[in-house]
Amino acid sequence: MGQFHATTICAVRKGDDVCIGGDGQVTMGETAIMKNGAKKVKKIYRNSIITGFAGSVADAFSLTEKFEGKLEEHSGNLKKAAVALAQLWRSDKAARNLEALMIVADKEDLLVISGTGEVIEPDQPFVAIGSGGNYAYAAANALYNNTDLSAEEIVRKSLAIAASICVYTNDHISVEKL
């Protein structure tokens with residue numbers, strides 16, 4: 001998966017809760033912060049699915065829009081919609097090179113969808129993407145396996161740790177929860 005200097009998104013499923021959180025930084029090129037409070041996580045499909053994106057903002061909006069269309073086609077079935085989106089990517093030349101990654105989750109599944117048409121189901125009940133993704137993932141792993149924190153607390157703390165290390169991640173954190 002590509003490295004995007006745009007953001008960090010972290011998702012955690014624990015007990016009956018699933019949360020996705022992201023920071024608010026939008027970076028232009030390598031050196032300029034264009035926005036601090038962008039919202040990169042949201043609820044879609046009748047508030048039953050949460051999504052967070054990292055990468056090119058325009059590509060991420062395009063990706064989210066296409067995904068929402070596939071959710072409608074597949075009556076909200078997350079896995080079927082994700083696979084359909086991946087198939088569309090492989091066959092659509094314009095969509096094939098979208099520079100974005102998305103984490104999508106519902107009450108049952110947690111998936112990473114890439115702009116190259118991959119659908120990945122993480123081995124762990126947590127995942128992180130974006131420029132600070134490795135830092136957030138390591139923090140989520142430690143917190144998940146060694147504390148009694150809730151899914152939302154793990155997401156928030158993992159993103160705060162990533163923000164303290166990664167210059168492309170800030171501490172304007174927004175979280176959505178199912």
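User: Which residue stands opposite Val-41 in β6?

Analyst: Gly-52 does. Keep in mind that this is a predicted model. In it, β5 and β6 (residues 49–55) pair in the antiparallel sense, with four bridges between them.

User: How do you know that β5 and β6 count as a pair?

Analyst: The cut-off is at least two bridges, and β5 and β6 have four, so they pass as paired strands.

User: What is the order of the strands in the open sheet?

Analyst: It runs β5-β6-β7-β8-β9, five strands with antiparallel pairing. β5 (41–44) and β9 (119–120) each have a single partner strand, so they stand at the edges with one side lacking a neighbour in the sheet. Helix α1 (residues 57–73) packs on the sheet and touches β5, β6, β7 and β8. Helix α2 (residues 78–91) packs on the sheet too, touching β6, β7, β8 and β9.

User: Why is Thr-64 called buried?

Analyst: Buried means under 20% relative accessible area, and Thr-64 has 4%, so the label fits. Thr-64 is found in helix α1, and leaving aside neighbours within four places in sequence, Thr-64 is in contact with Lys-42 and Met-102.

User: What makes Asp-23 and Lys-40 a salt bridge?

Analyst: The rule wants a Lys or Arg side-chain nitrogen within 4 Å of an Asp or Glu carboxyl oxygen. Here the N to O distance is 3.9 Å, so the pair qualifies. Asp-23 sits in the loop between β2 and β3, and Lys-40 in the loop between β4 and β5, 17 residues apart.

User: Are those two buried or exposed?

Analyst: Asp-23 has a relative accessible area of 0% and Lys-40 has 5%. With the cut-off at under 20%, both are buried.

User: Why does the pair of Lys-39 and Glu-176 tie together parts that are 137 residues apart in sequence?

Analyst: Because Lys-39 lies in the loop between β4 and β5, while Glu-176 is in strand β11 (residues 174–177). Their closest N and O atoms are 2.9 Å apart, so this pair meets the 4 Å rule as well.

User: Why is Lys-39 called partly exposed, and Glu-176 buried?

Analyst: Lys-39 is at 49%, not over the 50% needed for exposed and not under the 20% needed for buried, so partly exposed is the right call. Glu-176 is at 17%, under 20%, so it counts as buried.

Key:
Residues numbered from 1 in each chain as written. Predicted model: local features only at pLDDT ≥ 70, side-chain atom pairs only at ≥ 80, totals over all residues. Heavy atoms only, no water. Helix = DSSP H or I, 4+ residues; strand = E, 2+ residues; numbered from the N terminus. Contact = heavy atoms within 4.5 Å. Axes fitted to C-alpha atoms, helices over the stretch in contact; angles between N-to-C directions. Buried < 20%, exposed > 50% of the residue type's maximum accessible area, 1.4 Å probe, protein only.
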